[in-house]
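Biologist: I'm new to this one, so could you walk me through it with the picture on screen?

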Amino acid sequence: LRLGAFDYLFKPIAKEKILRTVNIAWNTKKLEDDKRRLEKENKVYQEGLEHLVEKRTISLKESEQRLRIVLESIPVCIVTINKDNYKIVDVNPYAVKLNGINKEDLIGANCFDFICNGKEGKCPIKDLKKRQASYESVVLGKNNEKINVLKTVSDMTIGNKQYILESFLDITEKKNLENRLHQAQKMEAIGQLAGGIAHDFNNILYPIMG
């Protein structure tokens, strides 16, 4: 038995005893062969699974890297907010540049302290049910400077967590140009009014002078 024998029998040996012992040995051999085969197949499967996981992990990292490059290079401010507590969880470089605040100070901060003019408990998008596209709003920059932006807000689910994705463009220059246009239009209206008054006054003066 120490050398690997399956069993031993005492003489005299009955036929039934031999058949029963051989049958047990045969079934045991089959079970051992099946066990070795399953272990071999399991090893091959595990190696294939590890290779697949490694391949998927590399693909996921590449996809994440591409997404990160896009988010960091796209000329739009993007802010990700935890919908449960309205804390900022991520910002891209353009959002940092627009706000004029370090990324470390933005991450974990309340969104209503920087990203909108709402107050705690009175979030303007608290009951957001769908994407809100292209509406003008105000974000707060360094030293509470108000910056006019064109904002788009949408819900986003990652895993089991709900997030709010806000993207916005700085339209300060656009607002300044609009104000200049309004001022120019006002001056044009005043000029037309003054020209009309002068014309009417001249019409009165002509018969007097005549």
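Biologist: Which residues lie nearest the centre of the largest pocket?
Modeller: Keep in mind that this is a predicted model. The largest pocket has a lining of 15 residues. Those that lie nearest its centre are Leu67, Arg68, Leu71, Thr80 and Asp90.

Biologist: How much space lies in the largest pocket?
Modeller: Picture the opening that those 15 lining residues surround. The space in this largest pocket comes to about 340 Å³.

Biologist: Which element gives the largest share of the lining of the largest pocket?
Modeller: Several elements chip in with at least two residues each: helix H1 (15-73), strand S1 (77-82), strand S2 (88-91), strand S4 (146-158) and strand S5 (161-170). The largest share is 4 residues, and it comes from H1.

Biologist: How do the residues of that lining divide into nonpolar, polar and charged?
Modeller: Charged residues do turn up there, 3 of them. Polar ones number 2. That leaves the nonpolar group, which has 10.

Biologist: Stepping back, what pattern does the protein follow along the sequence?
Modeller: There are 5 helices and 5 strands to place. Reading along the sequence, you get α-β-β-α-α-α-β-β-β-α.

Biologist: What percentage of the residues count as buried?
Modeller: Start with the outside: the protein exposes about 16400 Å², with carbon and sulfur atoms supplying 56% of that. For single residues, the cut-off for buried is under 20% relative accessible area. Of the protein's 210 residues, the share that counts as buried is 22%.

Biologist: And what share of the contacts joins residues 24 or more positions apart?
Modeller: Here we look at contacts in the protein with a separation of 6 or more. Among these, residues 24 or more positions apart account for 35%.

Biologist: Now for charges: which residue forms a salt bridge with Asp33, with the closest N and O atoms 2.4 Å apart?
Modeller: A search of the whole structure finds 6 salt bridges, so there are several to look through. The partner we want lies in helix H1 along with Asp33, 3 residues apart, or about one turn of the helix. With its closest atoms 2.4 Å from those of Asp33, the partner is Arg36.

Biologist: Are Arg36 and Asp33 buried or exposed, or in between?
Modeller: Arg36 has a relative accessible area of 45%. Asp33 has 30% relative accessibility. Since the in-between range runs from 20% to 50%, both residues count as partly exposed.

Biologist: Which residues form salt bridges with Arg37?
Modeller: Look one way and there's a partner 3 residues apart in helix H1, with closest N and O atoms 3.8 Å apart: Asp34. Another partner in H1 is 4 residues apart, again about one turn of the helix, and here the closest atoms are 3.2 Å apart. So Arg37, partly exposed at 40%, pairs with Asp34 and Glu41.

Biologist: What are the relative accessible areas of Asp34 and Glu41?
Modeller: Both count as partly exposed. Asp34 comes in at 33%, and Glu41 has 43%.

Biologist: Which residues do shared salt-bridge partners join into one network?
Modeller: We've already seen Arg36 paired with Asp33. Through shared partners, the network takes in Lys29, Asp33 and Arg36.

Biologist: Where is the cis peptide bond that involves Pro12?
Modeller: Pro12 has its place in the segment before H1. The bond has omega near -10°. It runs from Lys11 to Pro12.

Biologist: Which residue other than glycine has a positive phi, near 60°?
Modeller: Go to the loop between S1 and S2. The residue there has 12% relative accessibility, so it counts as buried. With phi near 60°, it is Tyr86.

Biologist: Last one: is Glu166 buried or exposed?
Modeller: Glu166 has its place in strand S5. From its C-alpha to that of Lys151 is 7.0 Å in space, with their positions 15 residues apart in sequence. Because its relative accessibility is just 3%, Glu166 counts as buried.

Definitions and conventions
Residues numbered from 1 in each chain as written. Predicted model: local features only at pLDDT ≥ 70, side-chain atom pairs only at ≥ 80, totals over all residues. Heavy atoms only, no water. 1 Å grid on protein atoms, 1.4 Å probe; cavity = no way out; pocket = protein on both sides within 12 Å on 5 of 7 lines; lining within 4 Å. Points joined across faces, edges and corners; volume = space filled by probe spheres on them. Nonpolar A, V, L, I, M, F, W, Y, C, P; charged D, E, K, R; others polar. Buried < 20%, exposed > 50% of the residue type's maximum accessible area, 1.4 Å probe, protein only. Contact = heavy atoms within 4.5 Å. Areas by Shrake-Rupley, 256 points an atom, 1.4 Å probe, with all protein chains shown as cover. Salt bridge = Lys/Arg side-chain N within 4 Å of Asp/Glu carboxyl O.
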